[in-house]
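Please keep the coordinates open while reading, since the paragraphs below move from one local backbone feature outward to the cores and then to a sheet.

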Amino acid sequence: MATLLTDIAMNFDDLGLAPDLVRVLGERRYRDPTPIQRRTIPLVLDGCDLLAAAQTGTGKTAAFVLPILQRLAFVGQARRRQVRALVLAPTRELALQVHESVLAYGHYLQLRSAVVFGGVKAGPQIQALAQGVDTLVATPGRLLDLAQQGAVDFSALEVLVLDEADRMLDMGFIHDIRRIVDQLPRNRQTLMFSATFSKDIRALATRYLIEPETVEISPPNSTTELVQQSVYRVSREGKTALLTQLVKEQNWQQVLVFTRTKHGANRLCKKLLREGIESAAIHGNKSQNARQRALAAFKEGALQVLVATDIAARGLDIDQLPHVVNFDLPAVPEDYVHRIGRTGRAGATGQSHSLVTDEDEPLLRAIEKLTRQKVRRLSLPEGFQAPAPEPEAQRDEERPRRTSTERRASNTADAPGKKAPTRRRRRRRRSRSDANPAAGAGNREARARA
Ligand code: AMP
């Protein structure tokens with residue numbers, strides 16, 4: 001049985017992977033499979049449907065990409081516009097990274113692949129699909145558009161992967177996912193990966209998976225043990241000064257900083273630059289090229305600090321990232337798990353630091369409840385002095401969004417090209433979509449670009 005095999009299997013050969021795949025892994029210096037890979041690879045090779053709770057950074061991409069490539073390499077071929085394996089991902093960053101893994105792991109295999117996402121011209125993507133591809137990685141909105149134009153043929157689809165499914169639901173992709181899955185052959189293998197197993201995720205699994213195997217590497221909603229988490233209690237006005245002091249005095253060289261809004265990200269980035277700290281911001285208002293450039297500079301060490309909103313940072317894979325800072329706590333506790341999952345990846349240790357104001361206390365408690373852990377409180381560095389409070393008007397602008405309506409507004413505000421909805425705009429939008437349920441579809445492309 002698979003469980004027995006996975007318990008004793010210690011290297012990639014034992015998992016039943018083909019020599020061409022094992023060779024690449026050796027070249028990438030992956031010595032042993034990670035726990036999710038040990039459990040998942042044999043099940044996927046066996047053709048099982050799968051529901052896997054795996055935090056980001058655990059090696060989950062290889063856990064599904066490797067066995068899928070193996071399956072595709074030895075039987076069948078994609079004809080014109082056909083797709084044999086489809087990976088749906090919530091953001092273009094994650095889609096790009098999964099596709100990079102497909103290319104890297106499939107280096108010695110004769111397979112074709114493509115990646116499609118919104119916010120860029122569709123023409124080259126249509127061309128890439130024309131010949132047929134073995135693996136397609138896609139964000140839901142753009143894929144649906146391409147399918148509607150007849151650019152893709154799902155009739156030969158063998159495997160569907162819903163990657164970071166919880167995030168796709170959070171981002172409102174459920175309708176797009178349904179419309180895509182309705183077009184796929186029923187006789188397929190379906191794999192679902194999610195950092196958390198919420199009620200909605202279980203409902204989605206019941207709908208799309210057939211007698212799935214369930215793999216849970218760590219308890220749901222737990223944060224990775226390799227991340228040392230800490231909290232600094234600080235006033236809102238003192239946050240920038242504290243971050244600057246920590247980066248400089250503790251000589252942090254590569255820091256991913258999360259803010260809740262794109263304006264907050266821009267503002268913080270400017271302040272850090274004024275302090276002589278090389279920084280860039282990435283969020284939904286930045287072009288795809290600007291985001292890719294900033295990420296590349298950050299990975300190379302040319303940038304010390306990358307300031308990001310949750311949506312933009314989703315799926316970033318930066319090897320051995322040592323520090324994650326929650327400049328603002330996330331409004332949704334699950335996002336905390338995703339954020340700190342950027343560090344402590346694949347066996348490396350990392351640190352997460354949260355800057356928490358009095359107003360943030362309820363959010364911190366919600367995070368601790370979800371992760372079932374108390375985060376260590378650290379005292380402020382010696383000699384630290386918070387600046388005087390800023391004028392009222394400025395404070396109001398920076399005040400974290402709290403109510404559920406405001407939280408929705410802040411999520412939408414990260415979609416590029418969209419204004420943060422005012423209460424009046426939201427009301428208008430609501431009455432429009434009540435009158436015409438299809439009106440919500442107009443948001444799809446904006447979400448895909450996020
Ligand atoms: P993921 O959770 O898929 O985002 O992977 C996180 C990181 O772990 C990526 O940089 C992978 O290249 C790396 N990785 C995946 N599998 C292994 C492995 N078995 N050994 C070492 N690193 C790995």
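Just after helix α4, Gly76 adopts a positive phi of about 85° in this model, which is predicted. The helix that precedes Gly76, α4, covers residues 60-74, and its length can be checked against its geometry: at 1.5 Å a residue, its 15 residues should span 21 Å, and the end C-alpha atoms are 23 Å apart, which agrees. How far is α4 enclosed by the rest of the structure? Because 12 of its 15 residues are buried, α4 is largely enclosed. The buried residues include Lys60 and Thr61 at the start of the list, the run from Ala62 through Ala63, Phe64, Val65, Leu66, Pro67, Ile68 and Leu69, and also Gln70 and Leu72.

Helix α4 also contributes to the largest nonpolar core, where its 8 residues make up the largest share. That core has 72 residues, and those with the most contacts inside it are Ala52, Leu86, Leu88, Ala95, Val137, Ala138 and Met192. In soluble globular proteins, nonpolar side chains tend to be buried together. Taking Val137 as an example, and leaving aside its neighbours within four places in sequence, one finds it in contact with Val87, Ala89, Ala95, Val98, His99, Val102 and Val115. A second core, separate from this one, consists of 41 residues, among them Leu246, Val257, Phe258 and Leu364.

Positive phi values also occur in residues other than glycine, and two of them can be set side by side. Arg29, with phi near 60°, sits in the loop between α2 (19-27) and α3 (35-45), whereas Glu164, with phi near 50°, lies in the loop between β5 (159-162) and α8 (165-170). Which of the two is buried and which is exposed? Arg29 has 6 other C-beta atoms within 10 Å and is therefore exposed, while Glu164 has 25 other C-beta atoms within 10 Å and is therefore buried.

The remaining paragraphs concern an open sheet of 7 strands, arranged in the order β10-β11-β9-β12-β13-β8-β14 with parallel pairing. Its edge strands are β10 (279-282) and β14 (376-378), each of which pairs on one side only. Neighbouring strands of the sheet are turned by 25° against each other on average, with direction ignored. Helix α15 (residues 333-340) packs on this sheet, where it touches β8 (227-233), β9, β12 (323-326) and β13 (350-356), and its direction makes about 155° with that of β12.

At the β10 end of the sheet, the register can be followed residue by residue. Strand β10 is joined to β11 by 4 bridges, and the two run parallel; within this pairing, the bridge partner of Ser279 in β11 is Val305. Strand β9 (residues 255-258) is likewise joined to β11 (residues 305-308) by 4 bridges, again in parallel, and here Val305 of β11 is the bridge partner of Val255. The connection from β10 to β11 passes through helix α13 (residues 288-300), and these three elements make a right-handed β-α-β unit.

In a regular strand the side chains alternate between the two faces of the sheet. For β10, the residues on one side are Ser279 and Ala281 and those on the other are Ala280 and Ile282. Are these faces covered or open? Both faces of β10 are covered, for all four of these residues are buried, even though β10 is an edge strand that pairs on one side only.

Terms used: Residues numbered from 1 in each chain as written. Predicted model: local features only at pLDDT ≥ 70, side-chain atom pairs only at ≥ 80, totals over all residues. Pairing = 2+ DSSP bridges. Axes fitted to C-alpha atoms, helices over the stretch in contact; angles between N-to-C directions. Contact = placed C-beta atoms within 7 Å. Buried ≥ 20, exposed ≤ 12 C-beta atoms within 10 Å, placed from the backbone. Right-handed = clockwise from strand over helix to strand, strands pointing away. Core = buried A, V, L, I, M, F, W, Y, C linked by C-beta atoms within 7 Å. Expected span 1.5 Å × (residues − 1).
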